[in-house]
Amino acid sequence: MESSLHANAIASPSRRRLLIGAAGAALGAIGGPAALAASDYPSRPLRVVIPYPPGGPTDIVGRIVSATLSEKLGQSVVIENRPGASGMIGADMVAKAAPDGYTLLINVSGQLINPALYANMSHDPLKDFSGITNLATTPIQLVISANSPVRSVADLIALVRSQPGRHNFASSSNGTPGHLAGEAFKAAARLDVTHVPYKGSAPALTDVVGGQVTYMLDSMPSSIALVKGGKLRALAVTAPQRVAALPDVPTFAELGYPTVNLSTWYGMWVPAKTPPDLIARLYRNVSEILRQPDVRARLIEAQAMPIGDAPDKFDAYCRSEARRYAELVKLAGIRLQ
């Protein structure tokens, strides 16, 4: 009997094909390929690509969510930081990955700004991805070195205007919300400053702290600790009202600059053509994660407010945001070399 069972277990290739074909036909009758894909998903570790360096806001939000996703799915979640080219290197990897639910992208909303800035992208942020959900949103804050004599936005404007062309502002990369907010502030305050893009918030903030760059408009998760630790000074925030963590810091609108109102949000995507059943399962787990009190507390502590819209609503939001960003880029007259 044992030898007979062993023979069935190691059936010949032709017999295995027949068995797999029969199983596929049975599953096809109750749900097709998507049902087959979802029946044992996930059966191996997942890869989450974050297209910015460790320590930046996208990385902070991504790691908070990914750690609990691993617990939810019962599989390891391996994070790969693939920075460069305004987030396009990592995003391109995911766009070209197999649509099997095992490669995910966690990216900043700047992903949808890139098409307005770059004519020859190797992927389309709207057509080449399917959305899972928008994870969280956060204000942007204007920060300078704590060693700077500048104490307010008015002081900063006076300094820059007194030395036209000598000052600069940093962003985590070309085309990020921080970059657009910086351009909006530059236009609104009529400043002659130069934009300096970095490969992520962490290296940019290092130079702001050291005074190599005059100021930066940065998403709060990566810079709030430096403000609280006395390394940076926050001068204004893009939020519609003051932020609880910085009650003494005014909004740009309060200061007379209502057009400097961009926020940053972070989303999760998979390659286009990923089976709907897998998208639904990922969304169900991620939305549950975003409702967990401990995860919400960690995100809110990092100044990121959890969202968790359904995939269809998120995809519609992405299309709307892409149109809005294209208009902002045109109005700001941003030209990349």
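Gly333, which comes directly after helix H13, has a positive phi, near 65°. The model discussed here is predicted, and this briefing deals with two of its elements, helix H13 (residues 311-332) and strand S4 (residues 129-138).

**Helix H13**

- The 22 residues of H13 should span 32 Å at 1.5 Å a residue, and the C-alpha atoms at its ends lie 31 Å apart, which agrees with that expectation.
- The residues of H13 that are buried are Pro311, Phe314, Cys318, Glu321, Ala322, Tyr325 and Val329.
- Because these buried residues cover an arc of only 115° around the axis, they fall on the same side of H13.
- An α-helix has 3.6 residues a turn, so residues three or four places apart point the same way.
- Exposed residues are found on the other side of H13, namely Asp312, Lys313, Arg323, Glu327, Lys330 and Leu331.
- The cover over the buried residues of H13 includes helix H6 (114-117), helix H8 (177-189) and helix H11 (276-291), together with the strands S4 and S10.

**Strand S4**

- Nine of the ten residues of S4 are buried, so this strand is largely enclosed by the rest of the structure.
- S4 pairs with strand S10 (residues 264-271) in the antiparallel sense, over eight bridges, and within this pairing Ser130 has Val270 of S10 as its bridge partner.
- S4 also pairs in the antiparallel sense with strand S11 (residues 305-306), over two bridges, where Thr137 stands opposite Met305.

Terms used
Residues are numbered from 1 along each chain as its sequence is written. This is a predicted model: local features need pLDDT of at least 70, side-chain atom pairs count only at pLDDT 80 or more; totals for chains, interfaces and linings use all residues. Side-chain values use heavy atoms; hydrogens and water are left out. Buried means under 20% relative accessible area, exposed over 50%, partly exposed in between (1.4 Å probe, protein chains only). Helices (H or I, at least four residues) and strands (E, at least two) are DSSP runs, numbered from the N terminus. Two strands pair if DSSP finds at least two bridges between them. The expected span of a helix is 1.5 Å times one less than its number of residues. The arc is that of the directions from the helix axis to the C-beta atoms. Contact means heavy atoms within 4.5 Å.
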